Amino acid sequence: MSELVMLIEDEKEIRDLVRYNLEKAGYRVAAAADGEEGLRQLFASRPDALVLDLMLPGMNGLEIVRELRSEPLTHDLPILVLTARSAEMDKLLGFEQGADDYLTKPFSPRELVARVRSLLRRTKPSGVRALEAGPLRVDLDAHEASCAGARLDLTPREFDLLAFLARHPGRALSRDELLRKVWGYDYVGETRTVDVHVRRLRAKLGDHHEIIETVLGAGYKLVAPAPAEDA
Ligand code: CA
């Protein structure tokens, strides 16, 4: 499957232009007109790169970069920022917050495609991306998880929840944070949704259900005991 590029840009004309040219170059494109919607989509669809306008209504581009860089899930996401003409300050701030490249408006579509291609090439993941925590193994590329060698039959949401927990072993994660990061940025749902999914995950983990620990008054955490010593 071709790589997915997320685009957050409030000007429809530019959005259409970028989408058209990236699609023509063979990429899949997901687009949003503001930061909140963009982040929601981004956490849900896990794009391979982000093209981000800095001047957005509501949450601005710099805040988005900062948020993405603070998240393990999106920490390494390649980001190309679009800045208004001669906004040197924006450019500097963008890099400071962790943008990988920038392009000044107006830009040529060909240049944009070239930049995106080079970003994707530079950040190609090396080898299999997998998380291991205790008996748990989560393969992020294959979207498969196993516990003590046995493959877990998970729904996509259960997989995402387990992967998120496995990225933060030993850390208490609140239901609100889990809702936000696993279900989508501004998912409006009851925190009970999280409890229901944790219950199902535990059932599927069987004998190892205790690796997801309830932290009273806080939420959940994945406890990853050191492997038992073999005799
Ligand atoms: Ca704008």
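Is glutamate 71 buried or exposed? In this predicted model, glutamate 71 turns out to be buried, with a relative accessible area of 6%. That counts as buried because the cut-off is under 20% relative accessible area. The residue sits in the loop between helix H3 (61-69) and strand S4 (79-83). Once its neighbours within four places in sequence are set aside, glutamate 71 is in contact with Phe43, Phe164 and Lys181. Two of these partners can be placed on helices: Phe164 falls in helix H6 (residues 156-167), and Lys181 falls in helix H7 (residues 175-183).

Stepping back to the whole chain, the secondary structure comes to eight helices and 12 strands. Of the 231 residues in the protein chain, 46% are buried. As for how the chain folds back on itself, take the contacts with a separation of 6 or more: residues 24 or more positions apart account for 55% of them.

Next comes the metal site. The calcium ion has its protein donors in Asp10 (OD), Asp53 (OD) and Met55 (O), which lie 2.1 to 2.3 Å from the ion. Along the sequence, these donor residues follow the spacing D-x42-D-x1-M. The two aspartates link distant parts of the chain, being 43 residues apart. Aspartate 10 belongs to the loop between strand S1 (4-8) and helix H1 (12-24), while aspartate 53 belongs to strand S3 (residues 49-53). Their surroundings can be put in numbers too: aspartate 10 is partly exposed, with a relative accessible area of 30%, whereas aspartate 53 is buried, at 2%.

Strands S4 and S5 run parallel and are joined by four bridges. Within this pairing, leucine 80 stands opposite aspartate 101 in S5. Strand S5 (residues 101-104) has two faces to tell apart: Asp101 and Leu103 make up the covered one, and Tyr102 and Thr104 the uncovered one. Aspartate 101, the residue opposite leucine 80, is thus on the covered face of S5.

Further along comes an open sheet of four strands, in the order S6-S7-S8-S9 and with antiparallel pairing. Strand S6 (130-133) and strand S9 (150-152) stand at the edges; each has a single partner strand, so one side of each is left without a neighbour in the sheet. From one strand to the next, the twist averages 20 degrees. In this sheet, strand S7 (residues 136-139) and strand S8 (residues 144-147) run antiparallel, with four bridges joining them. Leucine 136 stands opposite cysteine 147 in S8. Helix H6 (residues 156-167) lies across S6, S7, S8 and S9, and runs at about 115 degrees to S7.

A second open sheet has three strands, ordered S10-S12-S11, and its pairing is antiparallel. Here strand S10 (173-174) and strand S11 (212-215) are at the edges, each with a single partner strand, so one side of each lacks a neighbour in the sheet. S10 pairs with strand S12 (residues 219-222) in the antiparallel sense over two bridges, and serine 174 has glycine 219 in S12 as its bridge partner. S11 and S12 are joined by four bridges and run antiparallel. For threonine 214, the bridge partner in S12 is tyrosine 220. The hairpin of S11 and S12 has three residues between the strands, and glycine 217 in this hairpin takes a positive phi near 75 degrees.

Helix H8 (residues 192-205) lies across S11 and S12 and runs at about 145 degrees to S11. H8 also meets helix H7 (residues 175-183): the axes of the two helices come within 9 Å and cross at roughly 80 degrees. That makes H7 roughly perpendicular to H8, because crossing angles of 65 to 115 degrees fall in that class. On the H7 side, the contact is made by Arg175, Leu178, Leu179 and Trp183. On the H8 side, Thr193, Val194, Asp195 and His197 take part. Sorted by class, the contact of H7 with H8 has four nonpolar, two polar and two charged residues.

How values were computed:
Residues numbered from 1 in each chain as written. Predicted model: local features only at pLDDT ≥ 70, side-chain atom pairs only at ≥ 80, totals over all residues. Heavy atoms only, no water. Donors = N, O, S within 2.8 Å, 3.2 Å for Na, K, Ca; no water. Buried < 20%, exposed > 50% of the residue type's maximum accessible area, 1.4 Å probe, protein only. Pairing = 2+ DSSP bridges. Contact = heavy atoms within 4.5 Å. Axes fitted to C-alpha atoms, helices over the stretch in contact; angles between N-to-C directions. Parallel < 35°, antiparallel > 145°, perpendicular 65-115°, else oblique. Nonpolar A, V, L, I, M, F, W, Y, C, P; charged D, E, K, R; others polar.
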